[in-house]
Amino acid sequence: MKKPNISSLNPIEFTKVQPLRTETIDKAPATPIPPLESYRANAIAKALHPKRQFVVISKIDEISSDVKTFTLVPNEKKGTTALAYFSAGQYISVSLTIGQITLNRPYSLSSSPKAALGGEYKITVKRVKDGLATNYILDNFKVGDELEISAPLGHFCYEPLRDAATVIGLAGGSGITPFLSLAHAIADGDEDANLVLLYGSRTQKDVLFKNEFDEIAKSCDKVKVVYVLSDESAEGCESGFLTAELIKKYAPEGDYSVFMCGPQAMYVFADKEIAKLGIRQKFVRHELFGEYHNPEKEADYVAPEAPTCKITVNVRGEKQVVEASVEDTVLSSLEKHGIRVPAHCRSGECGWCHSRLVSGKVYVPKSVDGRRLADLDYGYVHPCCTFPLSDIEIVVYPEA
Ligand code: FES
């Protein structure tokens, strides 16, 4: 191996460093260092990444019989005077207390990033069968209600250094919301991309935000929306599913990115179709699809014999034992017993629920296992996507 050339380094020079340092410190003014908040960079960082935000519901729009859009504005009484800016595609996590249960649920921001600067966020919530939080929100939230939400989070955003100039968006169901935000951001000039949205629905009446999308597409030639109906034919709409042929039909020549957001089943189907197109992996992006359910459908999952187990949870040195179903994530089980674990994405991505598994066996589905190698080495898990296979003991770290 070639030896490094160190002849140009003069050790004598290093002996002058300490006197120079002492002299510089002596010359420094004796006035105290200004508080950290007074630095502009710190103030900007705090505005962009507040620990939490307090908002009020200012408006509720009924989009369809089972979908509502909630407009949120700053709750100045509680100290939030402005909302954090965000990138189209990000989500906020909403804190809820339902009976004894305190939990968080992530919802994509459907409004434009520009509207955040004007003090407004919008989230859209769709009813799902047995959806504890979603159905609670739809049935109980009213104008004037005060909420605590997180800063904008998530990485399902357009990134010009990584993504191609054209994004083919594959949307299904309420997975349309981040694309509405992206379409607005492109029309506002906040994102420099072309969006071709293939929006899959069963029938025309299941299509959300049609007027809003059509208006954006009319005023901005960088946004095109194609409605794809699986259960009926309609003029001006494609029929069928989000297939490779359909993507090819609307994709430009050369590179393009594919962003997808929708139910878990749509990802399974769309991933197979995309594989036929030979698109480079870096151009394929998936939004999180919410809480993971039903590990038994995974080939490597071996269900434990007993349907329930015990979870010993250690919070700040105090231990509590709770009964849990092996079909529930550890996070859900703890929440059902009123134990609050910091959590935002509920999909293994954000890392907020990071906890230490002390003993016992667990199953983590590969598709949502966002742990790093060090987490595996030191026994850390994300309770939001971890299923107990035996009695377990876990240490959770509540927010300060
Ligand atoms: S809540 Fe995000 S990783 Fe668990």
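This tour proceeds through the structure selection by selection.

The structure is a predicted model, in which local features need pLDDT of at least 70 and side-chain atom pairs count only at pLDDT 80 or more, while totals for chains, interfaces and linings use all residues. Residues are numbered from 1 along each chain as its sequence is written, and side-chain values use heavy atoms, with hydrogens and water left out.

**The parallel sheet**

Begin by selecting strands β7 to β12; helices (H or I, at least four residues) and strands (E, at least two) are DSSP runs, numbered from the N terminus. An open sheet of 6 strands appears, in the order β10-β9-β8-β7-β11-β12 and with parallel pairing; two strands pair if DSSP finds at least two bridges between them. Which strands stand at the edges? They are β10 (238–239) and β12 (284–286), each with a single partner strand, so one side of each has no neighbour in the sheet.

Next, select β8 (residues 194–201) together with β9 (residues 223–229), which pair in the parallel sense over 7 bridges. Within this pair, Leu-198 stands opposite Val-226 in β9. Add helix α7 (residues 210–219), which packs on the sheet and touches β8 and β9; contact means heavy atoms within 4.5 Å. The direction of α7 makes about 145° with that of β9. Axes are lines fitted to C-alpha atoms, for helices over the stretch in contact, and angles run from 0 to 180 degrees between N-to-C directions.

**Helix α9 and Tyr-267**

Now display α9, which lies across β7 (166–172), β11 (257–261) and β12, running at about 165° to β11. Tyr-267 is located in this helix (residues 264–275). Is Tyr-267 buried or exposed? Its relative accessible area is 5%, so Tyr-267 is buried; the term means under 20% relative accessible area, against over 50% for exposed and in between for partly exposed (1.4 Å probe, protein chains only). The side chain of Tyr-267 reaches the backbone nitrogen of Gly-262 at 3.3 Å. For a distance across the model, select Ile-392: its C-alpha is 32 Å from that of Tyr-267, with the two positions 125 residues apart in sequence.

**Aromatic pairs**

Show the rings next. The whole structure has 9 aromatic pairs; rings of Phe, Tyr and Trp (its six-membered ring) pair if their centres lie within 6.5 Å, and planes under 30 degrees apart count as stacked, over 60 as edge-to-face and the rest as tilted. One of the pairs is Phe-86 with Tyr-121, edge-to-face because the planes are at 80°, with ring centres 5.8 Å apart. Phe-86 lies in the loop between β2 (67–74) and β3 (91–98) and Tyr-121 in strand β5 (residues 121–126), so this pair ties together parts that are 35 residues apart in sequence. Both Phe-86 and Tyr-121 are buried.

Return to β8 and β9 for Tyr-199 and Tyr-227, whose centres are 6.2 Å apart and whose planes are at 50°, so the pair is tilted. Both of these tyrosines are buried.

Then select Phe-70, Tyr-136 and Phe-141, which form one aromatic cluster.

**Helix α5**

Select α5 (residues 132–140), where the buried residues are Ala-133, Thr-134, Asn-135, Ile-137 and Leu-138. Their cover includes β2, β3, β4 (101–108) and β5.

**Cysteines**

Finally, select the cysteines. How many disulfides does a search of the whole structure find? The search finds 0, a disulfide being a pair of cysteine sulfur atoms within 2.5 Å. For Cys-385, the nearest cysteine sulfur is that of Cys-384, 4.0 Å away. Cys-385 is buried, with a relative accessible area of 1%, and Cys-353 is buried at 4%.

How values were computed: Polar contact = N/O pair within 3.5 Å; in protein donor to acceptor, adjacent residues only side chain to side chain.
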